[in-house]
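Welcome aboard, and please have your viewer ready. We will begin with the pocket and then zoom out to the whole chain.

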Amino acid sequence: MSSKIILVTGANKGIGLEIVKQLAELKHSVILTSRNENLGIKAVNSLKEKNLNVDYHQLEVTSDESIEKAFDYVKNKYGKLDVLINNAGVFLENQENSSFFNCDIDIIKQTMEINFFGALKVSKKFVDLLKQSDDARIINMSSGMGQLSEMGGGYIGYRVSKTSLNALTRIMSNELRKYKIKVNTMCPGWVKTDMGGPNATRELPQGADTAVWLATVEDCPTGKFFKDRKEIDW
Ligand SMILES: NC(=O)c1ccc[n+]([C@@H]2O[C@H](COP(=O)([O-])OP(=O)(O)OC[C@H]3O[C@@H](n4cnc5c(N)ncnc54)[C@H](OP(=O)(O)O)[C@@H]3O)[C@@H](O)[C@H]2O)c1
């Protein structure tokens, strides 16, 4: 398997950091990005202690200026991008402010800004570098909470942001087919991270597995929603 150039957003901790670690272990060239530079560099150093070398650049997914700088960095250093993993995300709601009856519109907007518009903006900018790859992929980190077939109540902002990300996946996969860029979305399951909390049922390696598989599998499909390497309903 040839080495790929892979950028992961929101990778200073949690599932993003685990994806970077697993991809670096497979000898890919990984660019770990984070909105907070200190936290990102700390994460890079934690991997260095495990003899894993990864590149770093700051990337705040809501900032056009930050996206532009990260794009210029990757363009000048690598000239292309093989895989973009839109992992950055937030879960800002709690039981008191997330139902239809008591939802906080500002929190829903903030959630959409990061989970949906962030992934859209980063993808839109980096597509020019993905076009330079002969096997380009975009992987969107979604959630079962955004699955229409399983939709429950509560957590409007988070749910709608992930349903929107899934719709975006379908739209991008259709529009990018002519450039042979594959676009998929995935659910990592309920994973023990700052977001998932200590009661989550999955450890980090399992949470990162499907993203690593989508990034590296031969003959990658496009326009699908995956969990545990298997296609699931929208
Ligand atoms: N854990 C779960 O059970 C679970 C389940 C389904 C889906 N997911 C999805 O998996 C992804 C990773 O979640 P996680 O559990 O690893 O959560 P996490 O530990 O809270 O990590 C989230 C990451 O996203 C970053 N981030 C947030 N806003 C950002 C922004 N505006 N720009 C750049 N980075 C930003 C965070 O940076 P800071 O450290 O600076 O905040 C952090 O690095 C998310 O998209 C989440 O929705 C998680």
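Helices here are DSSP runs of H or I with at least four residues, numbered from the N terminus. Keep in mind as you look around that this is a predicted model.

**Stop 1: two helices.** Select residues 14-25, which form α1, and then 156-176, which form α5; each of these helices supplies at least two residues to the lining of the largest pocket. Which of the elements gives the most to that lining? It is α1, with three residues.

**Stop 2: the pocket itself.** Now select Gly 89, Val 90, Tyr 158, Thr 193 and Met 195: among the 37 lining residues, these lie nearest the centre of the largest pocket. The volume of this pocket is about 960 Å³. If you colour the lining by residue class, you should find 16 nonpolar, 15 polar and six charged residues.

**Stop 3: the fold.** Switch to a cartoon view and trace the chain. There are six helices and eight strands, and starting at the N terminus their order is β-α-β-α-β-α-β-α-β-α-β-α-β-β.

**Stop 4: the whole protein.** Show the C-alpha trace, which spans about 50 × 40 × 35 Å along its principal axes. The radius of gyration is 17 Å, in agreement with the value near 17 Å for a compact globule of 234 residues. Of the contacts with a separation of 6 or more, 69% join residues 24 or more positions apart.

**Last stop: the surface.** Turn on the accessible surface, about 11,400 Å² in extent, with 50% belonging to carbon and sulfur atoms. Beneath your view, 52% of the 234 residues count as buried.

Definitions and conventions:
Residues numbered from 1 in each chain as written. Predicted model: local features only at pLDDT ≥ 70, side-chain atom pairs only at ≥ 80, totals over all residues. Heavy atoms only, no water. 1 Å grid on protein atoms, 1.4 Å probe; cavity = no way out; pocket = protein on both sides within 12 Å on 5 of 7 lines; lining within 4 Å. Points joined across faces, edges and corners; volume = space filled by probe spheres on them. Nonpolar A, V, L, I, M, F, W, Y, C, P; charged D, E, K, R; others polar. Rg over C-alpha atoms; globule rule 2.2 N^0.38 Å. Buried < 20%, exposed > 50% of the residue type's maximum accessible area, 1.4 Å probe, protein only. Contact = heavy atoms within 4.5 Å. Areas by Shrake-Rupley, 256 points an atom, 1.4 Å probe, with all protein chains shown as cover.
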